[in-house]
Every structure is written in structure tokens, then in C-alpha cells.
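The exercises below ask the reader to work from the sequence and coordinates towards a careful description of one model. Each task is followed by a solution in steps.

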Amino acid sequence: MNDRLLTVYAPPVEEDIAPGSDLAAILVNALRRNRIDLKDGDILVIASKVVSKADGRLRTVKDRAEFEDLVEDSSNHLVAERTYASGSTVQIVRTHSGTVQAAAGLDQSNSNGSVVLHPQDSDVSAQKLRARVEEAFSVRIGVVISDTISRPWRIGVGDFALGLSGLSGLDDQRGRPDDDGRVQSVTVRAIADEIAAAADLVKGSSRGLPMALVRGAGGYLDKGRSGAKALSRDLGEDWFRYGHVEAIHRGLGVTELPGRAAAGDNSDDILERVSRAIRVVRAGGSRTPGQAAWRMHIEGSGSRITMAPSDSPATPQAGGPPLLEAMVGLGSLVERVHTALFAEDLSATTKWEWADGELGAFPRGVHISIGLLSP
């Protein structure tokens, strides 16, 4: 059982932590120097930055481009990408440890110009630190290695559990009755993340407080075999595996955006948005023939797109009559443009131009008028 009172305290750590430091010994000394007598059921929350520093998980980059390359090397899935006026690009990615973070969780603050990577395996690091501290104090405790994360539906950042040892990261309420007697079927409480967030209120590695002692949550201690990796959803279960712009681009067959990504502060003007939409349409693989028979031209600073026959004569791409293929391609091209514009928060209205021929009327071109959507 857990206490109804939760206390959180961050003892000062006086030693500088650098590559090769004995982090466990430093933390034990800090606890003893502050006359803290650990008890069974206590939980230590330790900033991932100091774990990485002690393990030598530091890199040096010359510029923003090298930093972005390091982000790519530290991730295995791009969720979203945006640019800012400074010229920098910010990526939200899924890291090798399964977490979804901005810049793969890489940290450049208070690191003497170096980039601090995640620990190689935060669960293993938590296990090693727990074993050393338990041996020093002859107690049974839990260890959480914490990191900072942003939240897609809320402003601001908070701490979460990147590594775990000795406690369950989740409190599964499914199958238990609620206060009204109804059996719960959905609720799984993120205990380790809540503990990490509570600890963040008092600690801060930049202030010489890389560790916090949480007392009163000992009821969650167990063998902790699953670690923090069990807290990250598998990619196949992730409803939000792509940003809304990236999801549309993927549907249009674009895996790598040509040119500049969308502005993170929504400051792109209409011309920039329309130009990017056209690049996406052209870059994506065509699933219907005849699109090459048409050229697209942006008019009025982005207020209109005109589609007209290409200067090159239409040639069959799927073995059909060139004119019929071109008509099929134009319809497909219009739909692709509408879809790409929607990703840019732009509306589109299509006006068709027709010409008469021996077999009846056929499309001669299209004018797409563009406006702003309210997200």
C-alpha cells in the first residue's frame, strides 16, 4: 500500500559529473552528506543527463546541420518536421529507445558546448545504480531515470520515465471495480511518469540537483523486469505516428519532403504554402497515367493554380489512348493538389475549362482558386 502523503526532496550534489565519474558513488555520498537515511520503498529519480555524462555519451557538433544529422542518427522514425525563422529545423522523432521526443531528446544545455545523448540503455543504467545504492544502504528501493518531454496537446514540458528499475511503471486498473462498482476496462495509470514529474518540481541538474528522493510510493515497488521500454507504445499501436502534414505527404507518396518544411509558428505566406504543395504533388509517385500531360503554374502570389496542357505532346504511359490518359491524369492531378493544399491549411475551388472535339467535350485546363482554412 502507498502512503496518503508523498514527499519529494532534492539533496544537493556538490561534485561535477564528467565522463568516467562514478555516478553511483557520487549520489550515495550526496545522500549521506545530507544525512538522508534511505528506507525500504524509497524511490530515487535521477536526471538522464548526468547518467549520460558519466557514461561519456557526449558528442561535439560544428553547426546546426551536424546537430540535425545527429538527431537523425539517434532516431528511427520521423513524426513531424518544422522550420523556424532562425533557419533551424526541429524534428519530432521516435528514438531508438521507443520514446517520441523533439530532437530525439538530445540536450545542449549546461554541457560546455557538447550534445548530450540518451543513455545507451536507460533501464540497464537504472538497474546498475539501484544495485549500488541498495548495497550501500541495505534497503530495497526503486530507481527512475528521467528526461524532459513535450506534450502534443498541451503547452510546456515535463519529466517522464526514460529508465526504470525496481518498480512497476504502470498501475493497471483494468478489471478492478471503480467507486460505483463498475469494472474498469481502459484505465492504466502511468505511475513512473507521474513520479518523474513530481521529482522535476524540486530537482534540476543545472542547479546541482540531479537527483530527487520520493517517499510514500513504495507500494509500486516490484522486480521491475519490464523497465521503461514497456511504457512506449509500439509503432503499430500509435494513432499519432505522423504529424497531420506528414501523414498527408505519406499518402501522396512523399517520404522525403523536397525543399523547406512548413514553419512551426504558422508564419509561411500563401505563396510559400502553395509552392510547397506543388513540390509535394510533383515529388509523389503517380498512381494514374496522364499527369505528365499537364503543367502547373502559380498565379497571383499564390492565389491561383492554373493547369494547362504541357508543351510536350502527350504520350501513353499505360498503353491507352493519349487523350484519355491525359483526361484521367488531370482528374487525379486536381485531387492530389487539393489534398496537398489541405495539408497547408488552404482551401481550393476548382473551375474546369472545356473544349469541343470530334468525340465530344474534353477538359482543356483547370483553374484552382485558393483561400485560407481555419485550423
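Three exercises follow, on overall form, on salt bridges and on one arginine.

This is a predicted model, in which local features need pLDDT of at least 70, side-chain atom pairs count only at pLDDT 80 or more, and totals for chains, interfaces and linings use all residues. Residues are numbered from 1 along each chain as its sequence is written, and side-chain values use heavy atoms, with hydrogens and water left out.

**Exercise 1.** Determine how the radius of gyration of the protein chain relates to that of a compact globule of 375 residues.

Solution. Begin with the rule, which is 2.2 Å times the number of residues to the power 0.38, the radius itself being taken over C-alpha atoms. For a compact globule of 375 residues a value near 21 Å would result, whereas the protein chain has 28 Å. Next, take the box along the principal axes, which the C-alpha atoms fill at roughly 95 × 60 × 35 Å. Finally, add the secondary structure, which comprises eight helices and 16 strands (DSSP runs numbered from the N terminus, H or I of at least four residues for helices and E of at least two for strands).

**Exercise 2.** Find which parts of the chain are tied together by the salt bridge between Arg82 and Glu246.

Solution. A salt bridge requires a side-chain nitrogen of Lys or Arg within 4 Å of a carboxyl oxygen of Asp or Glu, and the structure holds 27 of them. In the pair Arg82 and Glu246, the closest N and O atoms are 2.7 Å apart. Arg82 belongs to strand 4 (residues 75–83) and Glu246 to helix 6 (residues 244–251), so the bridge ties together parts that are 164 residues apart in sequence. Both residues are buried, where buried means under 20% relative accessible area, exposed over 50% and partly exposed in between (1.4 Å probe, protein chains only).

**Exercise 3.** Locate Arg57 and establish which side chain of opposite charge is nearest to Arg57.

Solution. First, place Arg57 in the loop between helix 2 (48–54) and strand 3 (58–59). Then consider charge, with Lys and Arg counted as positive, Asp and Glu as negative, and His and the chain ends not counted. Arg57 is buried yet has no salt bridge, and the nearest side chain of opposite charge, Asp55, is 6.6 Å away. Lastly, list the contacts (heavy atoms within 4.5 Å): leaving aside neighbours within four places in sequence, Arg57 touches Ser52, Val115, Val116, Leu117, His118, Pro119 and Gln120.
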